[in-house]
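Biologist: Could you take me through one part of this model up close? I'd like to hear about the open sheet and whatever packs on it.

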Amino acid sequence: MQLYDAIFIRKSVRSFESAPLDQSVLDGLVDFLSELEAPQGEIDWDFDILSYDDITPILAGPPKLLAPHFLVLRSQKVKGCLQNCGWLGEMAVLWLTAQGVGTCWQGGLECQHDFDGVLPYIVAIGFGRPAEPMRACAEDFDRKALGRLALGDTKGPLRPLLEAARLAPSSMGMQPIRYIVAGNRIHLYRKKPLLPMPQLSYSQCIDAGAAAAHLCAAGKAQGYDVLLERLEPAPEYKKNMLYQMTARCIRSEG
Ligand SMILES: Cc1cc2nc3c(=O)[nH]c(=O)nc-3n(C[C@H](O)[C@H](O)[C@H](O)COP(=O)(O)O)c2cc1C
């Protein structure tokens with residue numbers, strides 16, 4: 001199964017079989033992640049794959065999600081690091097989904113006692129063999145219509161990429177990411193929360209990266225190289241729409 005196909009069956013899984021995954025799957029995930037180039041390649045990042053028992057001591061309390069494994073994403077804390085980790089984590093989610101593994105982003109975990117000498121904790125994703133069915137197809141998703149999320153040439157050749165981004169996970173299912181299609185570019189914005197809520201803003205920057213991962217996976221399947229960049233100056237939209245990044249979609253050769 002390709003990453004693109006995984007988009008249509010993925011869901012946030014909240015009940016898992018307790019048995020650990022085969023070591024070959026964990027090794028495959030390490031290889032997959034190690035070869036990824038993050039959208040902002042200059043930001044240093046890293047990851048750990050920890051068991052439930054190994055992640056618990058670094059957290060303020062044990063995870064409510066009883067997953068046998070947790071992918072911990074770490075990064076230098078600079079502008080763009082959350083979007084980077086959202087992209088990296090969602091690429092891992094799609095890869096795991098394609099292997100039949102269930103996943104659930106864990107935006108609510110608080111890291112309190114981290115290991116020595118590691119990059120700062122950003123976010124974690126629980127994963128393992130699902131004890132509940134995955135989705136069957138795109139119709140199984142309860143999502144806002146594309147017309148509420150995207151403006152510009154949304155009926156043109158980039159539509160499948162937008163449809164894939166629409167199905168991306170988002171913290172509390174709020175779908176805060178908006179898209180403006182301008183030629184071969186898709187600008188991504190994050191709708192500012194009505195009240196200043198730092199934890200929600202933090203998670204929604206991760207949402208932007210996850211949506212961008214779906215754009216990339218769909219773009220590849222549709223014959224595009226999708227380059228993610230942060231334009232300076234940022235293309236302005238509305239006061240309450242915070243610019244996140246731009247996906248430049250270039251037809252692949254051959
Ligand atoms: C950054 C981020 C953080 C999330 N945090 C949590 C969480 O702490 N607990 C949880 O159960 N689900 C969490 N989710 C999953 C969302 O609730 C879920 O993506 C959304 O409700 C849509 O459902 P779906 O993923 O099944 O399509 C998170 C998702 C994202 C992208």
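Modeller: Sure, and keep in mind that this is a predicted model. The open sheet is built from 5 strands, and walking across it you meet them in the order 5-6-7-9-8, with mixed pairing. The edges belong to strand 5 (150-152) and strand 8 (224-229); each has a single partner strand, so one side of each has no neighbour in the sheet. On average, neighbouring strands here are turned by 25° against each other, if you ignore direction.

Now zoom in on the strand 8 edge. Strand 8 runs antiparallel to strand 9 (residues 241-251), and 6 bridges join the two. If you want a spot to click on, try Leu227, which stands opposite Arg248 in strand 9.

Then there's helix 6, which packs on the sheet and touches strand 6 (177-182), strand 7 (185-191), strand 8 and strand 9. The direction of helix 6 makes about 155° with that of strand 7.

Helix 6 also takes us over to the ligand. The ligand is surrounded by 17 residues, and the closest are Ser12, Trp105, Gly107, Pro169 and Gly173. Two elements give two or more residues to that shell: strand 3 (102-106) and helix 6 (198-221). Helix 6 gives the most, with 4 residues. Sorted by class, the shell has 8 polar, 6 nonpolar and 3 charged residues. Both domain 1 (3-128) and domain 2 (142-251) take part, with at least three shell residues drawn from each. So much for the tour: helix 6 packs on the sheet and also gives residues to the shell around the ligand.

Conventions:
Residues numbered from 1 in each chain as written. Predicted model: local features only at pLDDT ≥ 70, side-chain atom pairs only at ≥ 80, totals over all residues. Near = placed C-beta within 6 Å. Nonpolar A, V, L, I, M, F, W, Y, C, P; charged D, E, K, R; others polar. Domains from an automatic or database assignment. Pairing = 2+ DSSP bridges. Axes fitted to C-alpha atoms, helices over the stretch in contact; angles between N-to-C directions. Contact = placed C-beta atoms within 7 Å.
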